[in-house]
Amino acid sequence: MESIRPQNRRILVIDDNESIRADFQKILAPVAQAAESLDSARNAFLGEPEPTQAPSAATNLNFELSCASQGQEGLQLARQALEQDEPFGVAFVDVRMPPGWDGIETIKHLWKEDARLQVVICTAYADYSFDEIIEELGSSDRLLILKKPFEPVEVRQLAGALCEKWNVARGEESRQALLLEAERETREYALSLAESNAALEEARQRAEAASQVKSQFLANMSHEVRTPMNAILGYLDLLFQPGVAPSKQLEYTAIIKSSGTHLLSLVNDILDISRVESCQLPTHYGEFSPALLAQEVVELARNDAVNKGLELKFECREGVPTMVQSDPVRMRQILLNLIGNAIKFTEQGEVRLLFESGPSEQEGMTDLIFSVLDSGIGILPEDQKRIFDLFTQVDESSTRASGGVGLGLSISSRLAQMLGGAIEVESTPGQGSTFRVNIPALVPEKRSLSTELAPKPEPSSPTPTALRGRVLLVEDVPVNQILIATILRKTGIEVELAENGKLACDKVETAIADGNPFELVLMDMQMPVMDGYEASKHLRTQGIDVPILALTAHAMATDREKCLEAGCTEYLTKPVDRRELLLLCARFLDEGPQAPLPADGEFKREPSSKPN
Ligand code: ADP
């Protein structure tokens with residue numbers, strides 16, 4: 001630590017006697033060239049004859065001297081010195097100074113201004129006894145009493161010692177201040193260390209919890225995947241047994257198909273969860289009629305309700321907005337989930353969807369309120385919160401009977417949050433449940449209803465059965481070649497195969513050169529030799545604008561963008577849904593005459609395709 005040692009040799013003299021002030025000047029701040037020696041000053045001061053000895057060696061110990069003739073003037077000088085940050089170390093104050101303050105009064109004022117000032121009170125007459133002085137000013141090490149007449153050397157020694165004392169005290173003060181500052185910094189550092197430690201500990205605990213959730217999630221996932229997988233493999237084994245009766249074959253394949261569908265919906269749910277959590281779920285904001293959307297969801301679920309002998313009702317309250325701006329796709333997904341659950345967990349009675357609206361907390365918005373009410377098994381109060389957690393099912397056995405993996409509500413509530421809303425549940429075990437979704441939406445200015453139907457729901461368009469056109473299927477996996485080509489050929493589409501991107505580019509270019517171009521290319525994106533991305537890019541750089549439909553098992557939002565960036569026109573995920581595939585093909589191909597539907601066994605492999 002750097003020590004600070006101020007060098008204050010500033011002295012204030014307050015005395016009404018001009019010659020005494022001059023004497024102080026001579027004693028404490030003699031000018032080097034001045035003719036008078038210290039001793040002649042002494043003589044002048046004391047009215048004594050000139051001594052004979054030589055000047056003292058201490059003559060060159062100069063002080064900075066300021067003089068005042070009255071107490072008020074002295075106080076003024078002390079104030080100025082403080083303001084300039086050059087305070088006096090010592091003041092010599094005369095006691096009697098008519099007509100102004102006397103010394104005692106002056107000293108009181110001086111100390112009020114500068115408590116560190118050391119004062120030597122100079123007294124010649126018995127104005128005040130020593131005791132009186134001490135009584136007035138208090139006994140302190142800041143005060144010395146000097147009786148006149150005094151020796152110059154006494155004055156000089158006193159001034160020197162007191163200045164030194166002042167300097168030592170200030171040096172000590174600044175060392176103390178530095179120490180205090182260092183201590184404060186150390187304490188702050190210790191505090192910040194403790195805070196960092198706490199934050200680290202919290203982060204460690206969070207990481208541990210996240211890792212536990214992840215492990216739990218993986219354990220659940222593998223369990224959920226394993227169950228339908230076991231069914232698929234087990235029933236496939238049974239199918240391969242010799243002599244299985246045709247009716248059994250049908251039964252087994254139906255089980256295999258439903259297990260496959262279940263697996264697919266599981267994978268889709270997981271993808272939805274991960275997309276919502278990574279904020280990658282594509283949104284489909286647009287204008288639509290929420291009442292029509294709700295009605296349509298009810299119609300989609302009607303079959304399941306009828307099959308269970310349940311009544312399914314839709315009620316739309318007055319005053320709901322005709323049109324809103326929000327995400328109809330996600331809203332439909334939420335309602336389908338809730339109505340699906342209501343039907344699943346209700347054995348008798350009814351399921352009802354009630355749609356109403358109300359003012360929103362969010363400015364300029366209207367709250368769309370959908371309530372799904374059922375007369376089903378209900379949910380115990382202690383379970384009502386946790387059913388929104390991943391993979392949570394209240395009753396494993398009842399859910400097993402009803403299907404599902406406990407992801408529907410987690411996805412729905414995340415989707416509702418994504419749309420700025422929330423889902424709440426009220427339920428009485430044994431009597432039924434109400435799931436209420438509240439979603440704020442923008443209500444656009446009124447227009448006629450006819451042009452504002454909800455975006456056409458895919459399920460209501462019929463699956464195309466007859467199409468016409470030449471399609472190049474680019475796919476390296478033989479099983480997929482067979483499957484997709486069969487689906488296409490059944491509608492009358494002419495299908496050619498290519499096993500990789502390189503062969504596909506050759507075929508597309510040759511077909512154009514021959515004047516018989518393909519009308520559509522179905523492109524697998526992951527293939528040996530040349531993948532679909534490169535092939536699509538190549539075709540586009542050749543100026544070939546044939547529509548390319550990407551088929552890929554990568555189903556993340558970024559995968560779609562990647563395909564479109566490579567030049568693909570549309571994107572479809574695997575496993576390929578027959579209906580979706582044909583609907584997409586129909587966008588690029590003409591309708592055909594009703595195609596002959598060859599039996600599955602009639603499918604002939606292309607010569608270029610790989611052996612199985
Ligand atoms: P899943 O339906 O696939 O099991 P969900 O996340 O949709 O998963 O639901 C979680 C659980 O919440 C269900 O397993 C069930 O126990 C309970 N649940 C959901 N909806 C209802 C309902 N309408 N009535 C009774 N229980 C319900």
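This section describes aromatic pairs, cysteines, the ligand site and some features of the backbone in a predicted model.

A pair of aromatic rings is described by the distance of the centres and the angle of the planes. The search of the whole structure gives five aromatic pairs. One of them joins Phe24 and Phe150, whose ring centres are 6.0 Å apart and whose planes meet at 50 degrees. This angle makes the pair tilted, because planes under 30 degrees apart count as stacked, those over 60 degrees as edge-to-face, and the rest as tilted. The two residues belong to distant parts of the chain, being 126 residues apart. Phe24 lies in helix 1, which covers residues 18-28. Phe150 lies in the loop between strand 5 (143-147) and helix 6 (152-240). Phe24 has a relative accessible area of 1% and is therefore buried, since the cut-off for this class is under 20%. Phe150 is also buried, with a relative accessibility of 0%. Together with Phe92, these two residues make up one aromatic cluster, formed by Phe24, Phe92 and Phe150.

Another aromatic pair consists of Phe355 and Phe370. Here the centres are 4.6 Å apart and the planes stand at 10 degrees, so the pair is stacked. This pair, too, links distant parts of the chain, with the two positions 15 residues apart in numbering. Phe355 is part of strand 9 (residues 350-359), and Phe370 is part of strand 10 (residues 365-374). Phe355 has a relative accessible area of 0% and is buried. Phe370 likewise counts as buried, at 0% relative accessibility.

Charged side chains are also found over aromatic rings. Arg9 lies over the face of Phe63, at a distance of 4.3 Å from the ring centre. Lys562 is placed over the face of Tyr533, and its distance from the ring centre is 4.7 Å.

A disulfide is a covalent bond between the sulfur atoms of two cysteines. In this model the count of disulfides is zero, where a disulfide would need a pair of cysteine sulfur atoms within 2.5 Å. Among the cysteines, Cys505 is buried, at 4% relative accessibility. Cys585 is buried as well, with a value of 0%.

The ligand is surrounded by 21 residues, and the closest are Asn341, Lys344, Gln393, Gly406 and Leu409. Asn341 places a polar side-chain atom 2.7 Å from an oxygen atom of the ligand. For Lys344, a polar side-chain atom is likewise found 2.7 Å from a ligand oxygen atom. Gly408 makes its contact through the backbone, with a polar atom 3.3 Å from an oxygen atom of the ligand. On its own the ligand has 530 Å² of accessible area, and the protein covers 97% of it. Helix 9 (328-344), helix 11 (408-418) and strand 12 (432-442) each contribute at least two residues to the shell around the ligand. Of the elements in this shell, helix 9 gives the most, with three residues.

Glu561 is located in helix 15, which covers residues 557-565. Its relative accessibility is 48%, so Glu561 counts as partly exposed. Tyr571 is 10 residues away from Glu561 along the chain, and the C-alpha atoms of the two residues are 9.1 Å apart.

The backbone contains cis peptide bonds. One joins Pro98 and Pro99, with omega at about 10 degrees. Pro99 lies in the loop between strand 3 (90-94) and helix 4 (103-113). Another joins Lys148 and Pro149, with omega at about -5 degrees. Pro149 is in the loop between strand 5 and helix 6, which is also the location of Phe150.

Positive phi angles are found at Asp85 and Val529. Asp85 is not a glycine, yet its phi is positive, at about 60 degrees. Asp85 belongs to the loop between helix 3 (71-83) and strand 3. With a relative accessible area of 66%, Asp85 is exposed. Val529 is not a glycine either, and its phi is about 65 degrees. This residue sits in the loop between strand 16 (520-524) and helix 14 (532-541). Val529 has a relative accessible area of 68% and is therefore exposed, since this class begins over 50%.

How values were computed:
Residues are numbered from 1 along each chain as its sequence is written. This is a predicted model: local features need pLDDT of at least 70, side-chain atom pairs count only at pLDDT 80 or more; totals for chains, interfaces and linings use all residues. Side-chain values use heavy atoms; hydrogens and water are left out. Rings of Phe, Tyr and Trp (its six-membered ring) pair if their centres lie within 6.5 Å; planes under 30 degrees apart count as stacked, over 60 as edge-to-face and the rest as tilted. Helices (H or I, at least four residues) and strands (E, at least two) are DSSP runs, numbered from the N terminus. Buried means under 20% relative accessible area, exposed over 50%, partly exposed in between (1.4 Å probe, protein chains only). A charge sits over a ring if NZ of Lys or CZ of Arg is within 6 Å of the ring centre and within 35 degrees of the ring normal. A residue is near a molecule or strand if one of its heavy atoms lies within 4 Å of it. A polar contact is a pair of N or O atoms within 3.5 Å; within protein, one must be able to donate a hydrogen and the other to accept it, and residues adjacent in sequence count only if both atoms are side-chain atoms. Accessible areas come from the Shrake-Rupley method with a 1.4 Å probe; for residues, only the protein chains shown count as cover.
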